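Trainee: I'd like to go through this model piece by piece. Let me throw some questions at you.

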Amino acid sequence: MASCHLYLRICRKEIDLYKPEKPHIIRKNSKNMLKIQEFHDKLTGTVTYVTSSGGKCAIIDPVMNYDQYSGKVSYESADEVIGFVKKEELELAWILETHIHADHMSGCEYIKGKAVAEGFGTSVESCIGENVTKVVDYWGKAFEFEGEELEKAGGFDRLLKDGEKITLGNEGIEVISTPGHTPCCVTYKIGDVAFVGDVIFAPDIGTARCDFPGGNASQSYASIQKIFAFGDDVKLYTGHDYPNGRDLEFFSTVKEQKAKNLLAGSGVTEDEFVEARTKKDAGLAAPKLLYPSLQVNIFAGKIDGKKFLKIPVGN
């Protein structure tokens, strides 16, 4: 496979940051208060969350900013999240990825390093679903990673199993495998709240594409039905939104999604969903940051000073 290399380096620049509203308070009694704060990265549409309970917090799907034309990375989006954690005097316990992202670089390793160095998360762990090994296996071969470099891929602190539970303050986080968009997609469920990543979007957008290697529209349908079975009142927080003239919509309920989701709602059958999803995917271009994102994200967002990226060239 022929390839060219892009040089990736660190810089600082101004980013047009989303101005978040006050945190959602899901449960108001002092013992089991759960707070959720969203951060929207306008350039990639990614929604990052800080969810907290009992003074501990988890960051879900953080972003590292990247300029595809210059090869420069910067940390405005991640620093905004860090600033919130510090202001609220929270201890960072977890950095949770819902999957390996193909449209933005992960700020996971940067935030973890800052947390340890600056004392707001001295024992923080980075986590992703255990099926990340399938993604690493495919893309490791596609990018011709070898030897020690390949061994470092998938370098998260913890690979979470379907049904596993981890603790956040006074809350438990249940890990639920929800593949389809990618093999390693997971949903993080905290009682009546679920962070669904890219499994399902705002009702007027629908669902995520399923045409990436390892993606599967039938599996996506099954994962959505699993989420619908959580119960009508369960609150869903999605991993992306693309407002395009409307307000940001990152929050919905199962009831709203079942009734209104463009592709998965109104009682659509599996065959109907697969047909519609496949037809839509056939008209989609590859994400602009596909190759840079994947090569950084399968290493949990690690960049050691500089990194050379491969861009496959050929038919």
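**Salt bridges, a strand and a pocket**

Trainee: What is the relative accessible area of D137?

Mentor: D137 counts as partly exposed, a label for anything between buried (under 20% relative accessible area) and exposed (over 50%), using a 1.4 Å probe and protein chains only. For D137 the value is 41%.

Trainee: Which residues are joined into one network by salt bridges that share partners?

Mentor: First, the ground rules: this is a predicted model, where local features need pLDDT of at least 70 and side-chain atom pairs count only at pLDDT 80 or more, while totals for chains, interfaces and linings use all residues. Residues are numbered from 1 along each chain as its sequence is written, and side-chain values use heavy atoms, leaving out hydrogens and water. A salt bridge here is a side-chain nitrogen of Lys or Arg within 4 Å of a carboxyl oxygen of Asp or Glu. The residues linked through shared partners are D204, D241, R246 and E249.

Trainee: How many salt bridges does a search of the whole structure find?

Mentor: One of them is K87 with E88, whose closest N and O atoms are 2.9 Å apart. K87 is exposed at 59%, whereas E88 is partly exposed at 30%. Over the whole structure, the number of salt bridges is 16.

Trainee: Which residue forms a salt bridge with K141?

Mentor: K141 is exposed, at 60%. Look along helix α3 (residues 132–142), where K141 and its partner are four residues apart and so separated by about one helical turn; helices are DSSP runs of H or I with at least four residues, strands are E runs of at least two, and both are numbered from the N terminus. The closest N and O atoms are 3.6 Å apart, and the partner is D137.

Trainee: How far apart are the closest N and O atoms of K114 and E118?

Mentor: Those two sit four residues apart in helix α2 (residues 108–118), so about one helical turn separates them. K114 is partly exposed at 28%, and E118 is too, at 37%. Their salt bridge has its closest N and O atoms separated by 3.3 Å.

Trainee: Is T51 buried or exposed?

Mentor: T51 lies in strand β4 (residues 46–53). Beyond its neighbours within four places in sequence, T51 has contacts (heavy atoms within 4.5 Å) with residues including L34, I36, C57, L168 and F195. Its relative accessibility is 1%, so T51 counts as buried.

Trainee: What is the relative accessible area of S52?

Mentor: S52 is also in strand β4. Leaving aside neighbours within four places, S52 touches M33, L34, K35, C57, L90 and L168. S52 is buried, with a value of 10%.

Trainee: Which element gives the most residues to the lining of the largest pocket?

Mentor: On a 1 Å grid over the protein atoms alone, a pocket is an open set of points where a 1.4 Å probe fits, with protein on both sides within 12 Å along at least five of seven lines, and lining residues have an atom within 4 Å of a point. Of the 37 lining residues, the closest to the centre are T44, D103, Y242, P287 and K288. Two elements give two or more residues, β6 (63–67) and α7 (270–282). With five residues, the top contributor is β6.
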